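Here is my note on the model you sent round. Please read it with the structure open beside you.

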Amino acid sequence: MAASAKSFLADAGYGEQELDANSALMELDKGLRSGKLGEQCEAVVRFPRLFQKYPFPILINSAFLKLADVFRVGNNFLRLCVLKVTQQSEKHLEKILNVDEFVKRVFSVIHSNDPVARAITLRMLGSMASIIPERKNAHHSIRQSLDSHDNVEVEAAIFAAANFSAQSKDFAVGICNKISEMIQGLATPVDLKLKLIPILQHMHHDASLASSSRQLLQQLVTSYPSTKMVIVTLHTFTLLAASSLVDIPKQIQLLLQYLKNDPRKAVKRLAIQDLKLLANKTPHTWSRENIQALCESALNTPYDSLKMGMLSVLSTLSGTIAIKQYFSSAPGAAATTARSFDLVKLAQECCYHNNRGIAAHGVRILTNISASCQEKDLLPLEQDAVFGLEALLVLCSQDDSPGAQATLKITLTCMVKLVKCRPHLSQSVVESLLAQLHSAQDNARILMCHCLAAIAMQLPVLADGILGDLMDLYKLIGQSATDKKQELLVSLATVIFVSSQKALSTEIKTVIKQQLENASNGWTAYRIARQASRMGNHDMARELYQSLLTQVASEHFYFWLNSLKEFSYAEQCLTGLQEDNYSSALSCIAEALKSYHKGIASLTAASTPLNPLSFQCGFVKLRIDLLQAFSQLICTCNSLKTSPPPAIATTIAMTSGNDLQRCGRISNQMKHSMEEFRNLATRYGDLYQSSFDADSATLRNVELQQQSCLLISHAIEALILDPESASFQEYSSNGTAHVESEYERRMMSVFNHVLEEVESLNRKYAPVSYLHTACLCNAVIALLKVPLSFQRYFFQKLQSTSIKLALSPSPRNPAEPIAVQNNQQLALKVEGVVQHGSKPGLFRKIQSVCLNVSSVLQSKSGQDYKIPIDNMTNEMEQRVEPHNDYFSTQFLLNFVILGTHNITVESSVIDSNGIVWKTGPKTTIFVKSLEDPYSQQVRLQQQQGQPPSQQQQQRTAYSRF
């Protein structure tokens, strides 16, 4: 509740109007200068919103200096508000330009007689540790305050010491002995020791420091055996090991020792929690003995809560490389195999445990073992896993409690994973899901439908006989109109669309539409239509979009739905294509193009400045151009009949030395066609590169479109233009590649079929005959017969990333050029901020930003000297890594030629896999290069009659300079 209220206040902005950066800052400054404490506090707490809205250094620097002034002269409550603002805006601290001035104003309060003011200042310094890690006066103040007699001040000093230790090696080395003296000193109270110990987790800057801290913690664990002390010390021990890396195996052994030997449940729980942390961070450091020891502890413990914790660690490890190390028996060690089954024995024992959580971890371990270990003696585990999953499914699908739903999610995730790795188990898994679907609770039904759809997307396991059951259930659900029922209608419709891979029967369409009319709202109908578009059921989608057109509130939504209706109709036109019937194929493509052109006009009308629909427009325009290219190719193939090669074609070919001339005009047309398909493939590649925020299924869809263009261009080349040098090796498909959807499966089978046809023709017949043209036309028809899938990113953007650039110097008026003398270089500073939506880094994260600066001469003024080519343009590129979503860099640009130059700065993004994404933006400024006064003076003297030799001398000297 508190969190939602907080976010509401943050978003509301207290009813403030949209202002530019300076006006907003002045407005807040007015509040800071107010005589009333309430208004001052209100102004202070509104600063984080200002930073979020205008995240560039020039504003943030001014704002923080104003806040530092308030901190210096205000009362303790105002100081506390400034401290909270600083902690909230931690990622903006490095944008403060006048760090010295900022620190000076804050630091002046450390000399106050009021211990609370000193304590707030220490916390303020601790919060700023990232920008002032090596400030000796701050280090000294923290060290001094640790000896204070005021508890509030000491606690603040501990907070600051922890923050500085994390940032500064010098401080960590200097404070380590002081901290150890205080912890071991008899005068230090126990509660203070408990607060001091966690500072040691930051002592990982070098090996000797980490080693001495580890020894101290080892002494503490043995010297102070009280529960609280052991818990804090062990946890600090773990965090230190996780940061310094070298001591992780020792730490795992220590934790397992405490787990086995310490009788206190609190200590055991802490050991389990830390083992889970290490299992997530470094699973490769777990030896077979470690896993064995954990299994033995889990088998021997009588407490369900502890057993569940240990199983949680084991289930985490079972999904990593550690499980393979566990099962790979060492040569010559016969006992290993027998011991290794302790994990399996534990998992089998837990599968049917009366505690749901334990059972879930048990089946998860069995699933992970079945998926990752391919040994024959583990094959019976598959059946155990399936039986365990089915038992949990029956148990959890009847229960509506949150715990049962969480367990059900784990169960269903394991089912999908098991079926993906072991396809032969799919039939039994799907049957058990369908059997439970009728009797399950609504929440469980929704999750089960998602699971069914996920399995059916990977493997065509849902037979037509199942459709009847699904339709009966659909009729039953449609009688109620609750939110859960609406969600269930969408999930069930998705399963129906996936299971009926061909066109939907009229009966199914009627039932779906009828239920939607009876009990659903427009949003449910739209979601079902969206799923139909994703699965390629365009006739169903078109009818649903049509029914929704009159139910929307704005014209943008109307145009959006209208465009979707037209696209669905266009794709529906292409389903009637038949092989060897080329004239009807041309008329179908023409009809589809007509609808696509209507749709793109409607889609353009639906776009707004805030939502420009750039991906959708790009995707549809490419689809239109692809259809036109297909149509043109069929016409070109037909031209062999309408305009065959002339009688003298062979003679022309011999005299020109170009063998292709024997085929007549079709050879040139095919050449143009091939270039067009290659150009389309390049454009699909550009669309792919500009879709940084798209999900993997959408990107794969774009990739398949690109591959279909490359396939046709390759077929043209191999059959007609260059049959001798055509190679089929690079295009042969690897049959083992895992396909994620039915659309991809069908496209891949078409690709393989076309390649086989082309290869067999290429060997048998010389070009160009009717067989060659028929093969190309049939390839086009085969590609178009696969219904296009409109993937998620077409409808929904789950991740949102944008970059905002600021250039300096920048003119007041964008059309005004910046004046630079031609004998000087312009230092162009480029700053940028990465802005995210609600789910940053959902699909991919930004590793670095690539900035490309280029300049072009627009208009020349002055005399036309001969200047080296290097000085004509500027072309530079730099890569910068954003820190806290901010980056900045500088470029030095030459403008030797007098005149107006156009500078373009373009940014692109490199993700964590090293792939470049052309996300933009592109910013342009103008620079006017002026002649420097000395050269101007020399030139005027020359014009007034100076000797030419001197003129030559001046010019050479200038060019050398």
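1. I start with a surface feature. L37, F77 and L80 form a nonpolar patch on the surface. Together the three have about 260 Å² of accessible area. Bear in mind throughout that this is a predicted model.

2. F77 deserves a look of its own. This residue of the patch sits in helix α6, residues 76-88. Its relative accessible area is 47%. Buried means under 20% and exposed means over 50%, so F77 counts as partly exposed.

3. Next, V232. It lies in helix α14, which covers residues 227-244. V232 is partly exposed, at a relative accessible area of 21%. Its C-alpha is 8.8 Å from that of K195. In sequence, V232 and K195 are 37 residues apart.

4. Does the span of helix α17 agree with the expected value, or disagree? Helix α17 runs from 288 to 300 and has 13 residues. At 1.5 Å a residue it should span 18 Å. The end C-alpha atoms are 18 Å apart, so the two agree. The buried residues of α17 are R288, N290, I291, Q292, L294, C295, S297 and A298. Polar names such as N290 and Q292 are on that list, so check them by eye.5. Helix α25 covers residues 442-458, which makes 17 residues. From first C-alpha to last, α25 reaches 25 Å. That is close to the 24 Å expected at 1.5 Å a residue. Of the 17 residues of α25, 13 are buried, so the helix is largely enclosed by the rest of the structure.

6. Now the strands. One open sheet has three strands in the order β1-β3-β6, with antiparallel pairing. Which strands stand at the edges? They are β1 (801-808) and β6 (886-894). Each has a single partner strand, so one side of each is left without a neighbour in the sheet. Neighbouring strands of this sheet are turned by 25 degrees against each other on average, direction ignored.

7. How many bridges join β3 to β6? There are nine, and the two strands run antiparallel. Strand β3 spans residues 825-836. One pair to find on screen is E831, which stands opposite S888 in β6. In a regular strand the side chains alternate between the two faces of the sheet.

8. Strand β7 (residues 899-911) has 13 residues. Twelve of them are buried, so β7 is largely enclosed by the rest of the structure. Strand β4 (residues 846-860) is joined to β7 by 13 bridges, and the pair runs antiparallel. Here C850 stands opposite S908 in β7.

9. β7 also pairs with strand β9 (residues 922-930). The sense is antiparallel, over eight bridges. I903 stands opposite I925 in β9.

10. A further partner of β7 is strand β8, residues 916-917. Two bridges join β7 and β8, which run antiparallel. V909 has W917 in β8 as its bridge partner. The two strands form a hairpin with four residues between them. G914, in the turn, has a positive phi of about 85 degrees.

11. Some backbone geometry needs a comment. Most residues other than glycine have a negative phi, and most peptide bonds are trans. Which bonds and residues depart from this? The next two points list examples.

12. A cis peptide bond joins S808 and P809, with omega about 0 degrees. P809 is found in the loop between β1 and β2 (818-821). The peptide bond from G920 to P921 is also cis, with omega near 0 degrees. P921 lies in the loop between β8 and β9.

13. N884 is not a glycine, yet its phi is positive, near 50 degrees. D885 is not a glycine either, and its phi is positive at about 65 degrees. N884 lies in the loop between β5 (874-880) and β6. D885 is placed in the loop between β5 and β6 too. N884 is partly exposed, with 35% relative accessibility. D885 is partly exposed as well, with a relative accessible area of 21%.

Methods:
Residues numbered from 1 in each chain as written. Predicted model: local features only at pLDDT ≥ 70, side-chain atom pairs only at ≥ 80, totals over all residues. Heavy atoms only, no water. Pairing = 2+ DSSP bridges. Axes fitted to C-alpha atoms, helices over the stretch in contact; angles between N-to-C directions. Expected span 1.5 Å × (residues − 1). Buried < 20%, exposed > 50% of the residue type's maximum accessible area, 1.4 Å probe, protein only. Patch = residues over 30% accessible without salt bridge, like charges linked within 9 Å, V, L, I, M, F, W, Y side chains within 5 Å. Areas by Shrake-Rupley, 256 points an atom, 1.4 Å probe, with all protein chains shown as cover. Salt bridge = Lys/Arg side-chain N within 4 Å of Asp/Glu carboxyl O.
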